[in-house]
Amino acid sequence: MMLKFRILFFLLFVSFVCKAQQDSISLSKHIDFLIYLNDNGQLDDLNYQGDKLLLNKYYNNDQKDSLNFILGMINYRASKHSQSLHYLKEVTDSSIFYYKSKFYSGICQTEFHEYDSAFATIANLPTGDVELLSQLKTYELAAFSLLKRDYLGYDSLALKFNSDDSLLHSEQIILNDNQQKLRNLKRRSPLVAGTLSAIIPGLGLAYSGNNGQALAAFIRVAALGALTIEDYIKLGPENPQFIIFGSLFSFFYIGNIWGSALSVKIRYDEKIKEIDHNVMVGLRIPIDHFFR
């Protein structure tokens with residue numbers, strides 16, 4: 001009886017091992033097919049097939065973690081950040097891909113300006129005694145703080161910048177430079193810009209930093225003003241030519257004032273977007289370097 005039990009147990013064990021190997025081979029083939037779909041730009045089909053595989057009850061957690069990670073990174077490389085985040089968030093903390101998934105999840109969240117969520121995603125990561133991982137975490141949290149305009153939080157984290165890694169050290173310097181630019185960026189007054197352009201056409205545009213547009217506006221309004229005055233003197237106020245040039249002068253003069261006031265906000269927003277873009281680019285570089 002005991003011999004029969006041992007034989008049955010052995011047969012079940014062999015069957016289990018064979019089934020696990022078959023599942024691994026099957027998953028490998030499916031992953032190859034997903035890569036084929038990606039190489040041919042069939043991302044929707046790739047996600048559809050991937051979702052079907054994730055529903056397969058015969059795959060274990062490690063296999064599903066690997067599949068979620070692969071789908072997440074493929075979508076990330078294709079700039080499909082919503083789909084990427086969906087898959088990366090499903091990678092469990094027992095996976096070898098857990099840390100990489102979390103860091104890239106944080107980047108995806110910044111694409112939707114979910115800076116608080118991105119901060120929380122990385123802040124909860126344990127780093128243990130891995131100094132470089134700890135420094136990478138500190139850097140990412142500092143960048144998120146900067147995107148949130150949490151300057152006190154940034155200052156607290158920046159005090160911990162002391163990486164021995166040359167690339168991360170360089171990115172820390174660049175991040176410090178970007179936070180200085182943000183803090184030193186002054187919002188100019190639309191009222192002052194409009195008033196200046198009312199006195200001298202184009203002067204408000206120069207005040208906002210648009211020197212080329214300022215010169216063009218001055219020449220345009222001054223030329224129309226000169227023609228309007230000349231027609232008034234020579235032809236009189238009721239002459240159609242005077243009325244036409246006078247109307248054009250009034251239109252461009254008022255437009256010059258309005259445009260000058262508006263340009264202050266546009267110019268400020270452009271600078272903010274440029275700095276934020278540089279910060280977000282800096283978020284990716286050390287992560288790509290660390291997890292390459």
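**Rings, charges and helices: a Q&A**

Me: Which ring has R188 lying over its face?
Reply: This is a predicted model, so keep that in mind throughout. The distance from R188 to the ring centre is 5.0 Å, inside the 6 Å cut-off for a charge over a ring. The ring under R188 belongs to Y207.

Me: And how far is K148 from the ring centre of F119?
Reply: K148 is another charge placed over an aromatic face, with F119 as the ring beneath. From K148 to the centre of that ring it's 4.5 Å.

Me: Stepping back, how many helices are in the protein chain?
Reply: There are 0 strands to count, so we're left with helices. From the N terminus on, the elements read α every time. The helix total is 13.

Me: Is the chain a compact globule or more spread out?
Reply: For 292 residues the globule rule gives 19 Å, while the radius of gyration of the protein chain is 31 Å, well over that. Along its principal axes, the C-alpha trace spans about 125 × 45 × 25 Å. Going by the radius of gyration, the chain is therefore more spread out.

Me: What share of the 292 residues count as buried?
Reply: The accessible surface of the chain comes to about 17400 Å², with 61% of it belonging to carbon and sulfur atoms. A residue has to fall under 20% relative accessible area to be called buried. Of the 292 residues, the share that does is 38%.

Me: Which residue meets D276 in a salt bridge?
Reply: D276 sits in helix α13, which covers residues 240-290. Setting aside neighbours within four places in sequence, D276 is in contact with L147 and R149. The salt bridge, at 2.9 Å from N to O, is between the side chains of D276 and R149.

Me: How many residues apart are D276 and R149?
Reply: In that salt bridge D276 pairs with R149 at 2.9 Å, N to O. The two link distant parts of the chain, with D276 in helix α13 and R149 in the loop between α7 and α8 (151-158), and their separation in residues is 127.

Me: Is D276 buried or exposed?
Reply: The partner, R149, is partly exposed at 29% relative accessible area. D276 has a relative accessible area of 14%, and because the cut-off is under 20%, D276 counts as buried.

Me: Which parts of the chain does the D155 and R183 pair tie together?
Reply: D155 and R183 form a salt bridge, with their closest N and O atoms 2.8 Å apart. The pair ties together parts that are 28 residues apart in sequence, because D155 lies in helix α8 and R183 in helix α9. D155 is partly exposed at 31%, and R183 is partly exposed at 31% too. So the parts tied together are helices α8 and α9.

Me: What about K181 and D177: about how many helical turns separate them?
Reply: These two form a salt bridge as well, the closest N and O atoms being 3.6 Å apart. K181 is partly exposed at 42%, and D177 is partly exposed at 39%. Because K181 and D177 are 4 residues apart in helix α9, the separation is about one helical turn.

Me: How many aromatic pairs are there?
Reply: Two rings pair if their centres lie within 6.5 Å. By that rule the count of aromatic pairs is 8.

Me: How are F251 and F252 arranged as an aromatic pair?
Reply: Their ring centres are 5.3 Å apart and the planes make an angle of 85°. Planes over 60 degrees apart fall in one class, so F251 and F252 are edge-to-face.

Me: Which residue forms one aromatic cluster with F290 and F291?
Reply: F290 and F291 form an edge-to-face pair, 4.8 Å centre to centre with 80° between the planes. F290 counts as partly exposed at 28%, whereas F291 is buried at 17%. The cluster they belong to also takes in F103.

Me: Where does L125 lie?
Reply: L125 is buried, with a relative accessible area of 2%. Apart from neighbours within four places in sequence, the contacts of L125 are Y98, Y99, K102, F103 and K137. As for the location, L125 lies in the loop between α6 (115-123) and α7 (131-147).

Note on methods
Residues numbered from 1 in each chain as written. Predicted model: local features only at pLDDT ≥ 70, side-chain atom pairs only at ≥ 80, totals over all residues. Heavy atoms only, no water. Phe/Tyr/Trp six-rings, centres within 6.5 Å; stacked < 30°, edge-to-face > 60°. Buried < 20%, exposed > 50% of the residue type's maximum accessible area, 1.4 Å probe, protein only. Lys NZ or Arg CZ within 6 Å of the ring centre and 35° of its normal. Rg over C-alpha atoms; globule rule 2.2 N^0.38 Å. Areas by Shrake-Rupley, 256 points an atom, 1.4 Å probe, with all protein chains shown as cover. Contact = heavy atoms within 4.5 Å. Salt bridge = Lys/Arg side-chain N within 4 Å of Asp/Glu carboxyl O.
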